[in-house]
Amino acid sequence: MNPGRGVTVVTDTLHALSVLRQAGLVEPTRPLLMARSIIAPRRLGPIAGAVAMSARRSGSNVAVIDERGSLTYAELEARANALARAWTDLGVKPGDVVAALCRDHRGLIDVMVAAGKSGARLVLLNTGFAKPQLADVATREGVRLLVADEEFVDLLSAVGEDVITVIGWSDGGDPTRPTLDALIDAYDSAPVPAPPSQGGMVLLTGGTTGTPKGAPRQISNSLVAAQFLERVPQRRGDVVVVAAPIFHGTGLSQFIMALVLGSTTVLRRRFDPEAVIRDVADNRGTVLVVVPTMLQRILALGDETLSTLDTSSLRIIMTAGAALPPDLGDRVTEAFGPVVHNLYGCTEVALATVAMPEDWAIAPGTVGRAPRGISVKLFDDEDQEITSPGTSGRIFVNNGLTFEGYTGGGTKPVIGAHMGTGDTGHWDEHGLLFVDGRDDDMIVSGGENVFPAEIEALVEAMPGIEDVATMPVDDADFGTRLRLFVVAGDGAPSESEIKDHIRANLARFKVPRDVLFVDEIPHTAVGKVDRRGLSALAT
């Protein structure tokens, strides 16, 4: 090993241990517990391993609160033991694939923990799936057991008859299929033997058009948690209100972090802005996990509603999954204080950077900088590194996690030890990263590169504009221009005023060909613009 590299590894490890100790995860006075906390994720995976350790350390602490009440860590552990036994009797073996098509509730958590205890590979499915997508993913991933909420039962005909199906959340009961609760009640909840190896999990890439790719993920190094905790300072004993769906990396990562810390997670099956803020107020929530479109809907409640709810307990609002426009982030800061943490990453590379409140204050719109142990670089089209401020390039990340490629084949581009995210971005003079947009979203208009995010952010900051989105369309003069979709509120500008504002601030070729006013911008469950739905609005 290179001596310099060896010193870096040692100092990074000591730094990570210091971050974990500050968060309350590492307890030097309990060395046996520390050793077990390192071993458990290696055998059970990050979710079941975290629950096992939190149940051992503080089993009476509340782990999950959902619409049916609360569960302690000890209760969560016992339920997973019973469910793992039930799955064994149903024919699930270590290495088999267990999939969940569930909204955010205790049943989804039962599935995630029991999968780890069974040594099964976990696949989290998008609740926006249609039958063709469910069929494609179930076949490609080789799903052996599928747990689905009762509301999705009509989709189950898309999977083969050899797939075992179980109901996750039931309001009335499907007599033809067992429910999670019935299986848990029928089996012994005593500890089960550890599986021969970790089953791992598969996260699906975002979007609801076409079949998403599967990105395998296996985490065995407990020190990875320090990369999150350094810049999203959750602490042991936090109350984490997870509004973002757990099947996506944003909600999942922060849910796992809460489990690791033995904190309480508050869930609900469907996002309702007022209900979520009431969850914060009623439970003295300290962390709120959202995607940007959720923040828009929360602020749309207005001062009359928000002022009646005590959210002073909030230390962190963590947002990810889509771009956080500068104006929206500023309005959130005005409403809730300096608590915004804007996270950037992707399914394949996981965490890349985080903008903390102090970063946002000096550079609204930034995604911040990388935690220690993560390297982010920009490269031009000739794979040469870009270091000068203001110059856009392709974003590549090296965070020590290995991505071996998609389950259906293929991978992301790699330069050295860094993997591409598919986004372009630039550094500012403070060394803070800005994401300019998806590399494949860029259009060429009049021979010039145009990134939609720049135009969207400019328009969204105008008074009376509630939401915006763009899509490329043919243009006789420039070859391609953007069509702008606008959700207008009180006092919103006209089409000509919007175009004049863009023309006054950006180059002429960046002015949209036309502006369409719509009632709502369609979004996916993870907060990204639904391009298929957007196209339908223009017809």
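Author: pLDDT is the predictor's confidence in each residue, from 0 to 100. This is a predicted model, and the protein averages a pLDDT of 87, with 90% of the residues scoring at least 70.

Reader: Where does pLDDT stay under 50?

Author: Over residues 1–5, for which the model has 1 contact beyond four places in sequence. Where pLDDT is low, the predicted coordinates should not be read in detail.

Reader: What makes up the protein in terms of helices and strands, and how many of each are there?

Author: The protein has 16 helices and 25 strands. Its chain has 539 residues, of which 56% are buried. Of the contacts with a separation of 6 or more, 65% are between residues 24 or more positions apart.

Reader: How do you know what length helix α4 should have, and what do its end C-alpha atoms show?

Author: Helix α4 covers residues 106–118, which is 13 residues. The expected span is 1.5 Å times one less than the number of residues. That rule gives 18 Å for α4, and the end C-alpha atoms are 18 Å apart, so the two agree.

Reader: Why is α4 called mostly covered?

Author: A residue is buried if its relative accessible area is under 20%. In α4, 13 of its 13 residues are buried, so the helix is called mostly covered. Just after α4, Gly119 takes a positive phi of about 75°.

Reader: What makes a set of residues a nonpolar core, and which residues have the most contacts inside the largest one?

Author: The members must be buried residues of the nonpolar kinds, joined through side-chain atoms within 4.5 Å. The largest such core has 112 residues, and those with the most contacts inside it are Trp87, Met112, Leu288 and Phe336. Helix α8 (residues 249–261) gives the most to this core, with 8 residues. A second, separate core of 19 residues includes Leu101, Leu155, Val159 and Val202.

Reader: Which residues is Met112 in contact with, leaving aside its neighbours within four places in sequence?

Author: They are Ile47, Leu122, Leu124, Ile246, Leu252 and Phe255. Contact here requires heavy atoms within 4.5 Å.

Reader: What makes a space in the model a cavity, and how many are counted at 30 Å³ or more?

Author: A 1.4 Å probe must fit there but be unable to get out. By this rule the count is 3 cavities of 30 Å³ or more. The largest has a volume of about 110 Å³. It is lined by 15 residues, and the closest to its centre are Leu44, Gly45, Met112, Gly116 and Gly200.

Reader: Which element gives the most to that lining?

Author: α2 does, with 6 residues. The elements that give two or more residues to the lining are α2 (31–58) and α4.

Technical notes
Residues are numbered from 1 along each chain as its sequence is written. This is a predicted model: local features need pLDDT of at least 70, side-chain atom pairs count only at pLDDT 80 or more; totals for chains, interfaces and linings use all residues. Side-chain values use heavy atoms; hydrogens and water are left out. Buried means under 20% relative accessible area, exposed over 50%, partly exposed in between (1.4 Å probe, protein chains only). Helices (H or I, at least four residues) and strands (E, at least two) are DSSP runs, numbered from the N terminus. On a 1 Å grid over the protein atoms alone, a cavity is a set of points where a 1.4 Å probe fits but cannot get out, and a pocket is an open set with protein on both sides within 12 Å along at least five of seven lines; lining residues have an atom within 4 Å of a point. Grid points are joined across faces, edges and corners, and a volume is the space filled by probe spheres set on the points.
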